[in-house]
Amino acid sequence: MILNQVDPPAQLCGNILAKIENEQKRTAKIKAAFSGLLALASFIAAFPAAGYILQGLQSSGFYQFASLVFTDGGTIFSYYFKEFALSLAESVPVLELSIFLTVLFILMISFKFLIKNVRVAFLSTQFN
Amino acid sequence: MAKTDQQLVADYLNGEEGVLPELINRYLKPAYNFAYRLTGNAQDAQDISQETFLKMWKNLKKYRPEESFKTWLFTIARNTAFDLMRKKRNLVFSDISGNSTEDSFEEKLADEFSLPADEIISQMENKKMLDDLLAQLPYNYREVILLHYLDELTFDEIGKILGKPLNTVKSWHRRALLELRKLSSAPK
């Protein structure tokens, strides 16, 4: 090397790491806010989704089929198990169940990201 | 045995946040010196260095391991320096010399008689003189000299950083040395 190098200021590395950490926290706060809103929205949506699935279970006759297990369980499992299982499966309100499970999934994922980003934004100090 | 740059990047992306200071420290001095020699200003060099490593961190996921990390980082440093100097209006179009690779008489002469870079630069009376002369070079010539002699990058790597063909980089290097020789022998 022909050209000599000068030493950077002693605090430069610390400044760079502090800048990166500030940027990490800023990004984490934005993500936490977004995750929080999504978690809240999916929590609120879970109630009508649950109502929807209960309504679906009632109108499809699922409760009536399921109750047969308790009234004529012996007969059903001995002679009509296959037909019973198929009828029970057909009466499951698939659309309502899918919607409810999707809402539940979004709620869990957004809650997980909320916790993760709150930890980064407010609690962690990474570079000492 | 020290980890390679690619290993450090992979470790960081896998969640080992503690390797980031090591990666930064590995290139802080070269990046700072490049920015300092380019701008001639310590504060600007600090600003450029901070911005460079911040951009490096933001774009680590986009870094391709088959590419040289040093080349990738210096591309960011170079673009950051260019943007800062343009914003501060320290750089005007006329500061950047032409892109033509057409040989002038002087260059043809230089080809015939070699241009020993060590000799030219070592003839500078002192470090300050060298810094002053470098500051007088057109911006793009200065970049080539700094990247080659300060940061020990090959012309091929410099071409990738500057986004220029290899012949253009070699031509700028040759012209930079001619210019330095002319400036150093000019009456004071």
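This is a short chat about reading a helix pair and a chain interface in a predicted model.

Colleague: Let's start inside chain B. At what angle do the axes of α2 and α4 cross?

Modeller: Remember this is a predicted model. In chain B, helix α2 spans residues 20-39 and helix α4 spans residues 69-87; their axes come within 10 Å and cross at roughly 40 degrees. As for the hand, the crossing of α2(B) and α4(B) is right-handed.

Colleague: And which residues make that contact?

Modeller: From α2(B) you have B:Leu23, B:Tyr27, B:Pro30, B:Ala31, B:Phe34, B:Leu38 and B:Thr39. They meet B:Phe69, B:Lys70, B:Leu73, B:Phe74, B:Ala77, B:Arg78, B:Ala81 and B:Met85 of α4(B). Sorted by class, that contact has twelve nonpolar residues, one polar and two charged.

Colleague: Now the two chains. How many residues of each are in contact?

Modeller: Chain A puts in 21 residues and chain B 33. Between them the chains bury about 2,500 Å², with 71% of that on carbon and sulfur atoms.

Colleague: How many salt bridges are there between chain A and chain B?

Modeller: The count is two. A salt bridge needs a side-chain nitrogen of Lys or Arg within 4 Å of a carboxyl oxygen of Asp or Glu. A:Glu23 and B:Lys58 form one, with their closest N and O atoms 3.8 Å apart. Across the interface there are also four residue pairs in polar contact, both partners at pLDDT 80 or more.

Colleague: What classes of residue does chain A turn towards chain B?

Modeller: On the side of chain A that touches chain B, twelve residues are nonpolar, six polar and three charged.

Methods
Residues are numbered from 1 along each chain as its sequence is written. Chains are lettered from A and ligands numbered from 1 in the order in which they are written. This is a predicted model: local features need pLDDT of at least 70, side-chain atom pairs count only at pLDDT 80 or more; totals for chains, interfaces and linings use all residues. Side-chain values use heavy atoms; hydrogens and water are left out. Axes are lines fitted to C-alpha atoms, for helices over the stretch in contact, and angles run from 0 to 180 degrees between N-to-C directions. Helices (H or I, at least four residues) and strands (E, at least two) are DSSP runs, numbered from the N terminus. A crossing is left-handed if the near helix is turned anticlockwise from the far one by less than a right angle, and right-handed if clockwise. Contact means heavy atoms within 4.5 Å. Ala, Val, Leu, Ile, Met, Phe, Trp, Tyr, Cys and Pro count as nonpolar, Asp, Glu, Lys and Arg as charged, and the others, Gly among them, as polar. Buried area is the accessible area (1.4 Å probe) that two parts lose on being put together, summed over both. A polar contact is a pair of N or O atoms within 3.5 Å; within protein, one must be able to donate a hydrogen and the other to accept it, and residues adjacent in sequence count only if both atoms are side-chain atoms.
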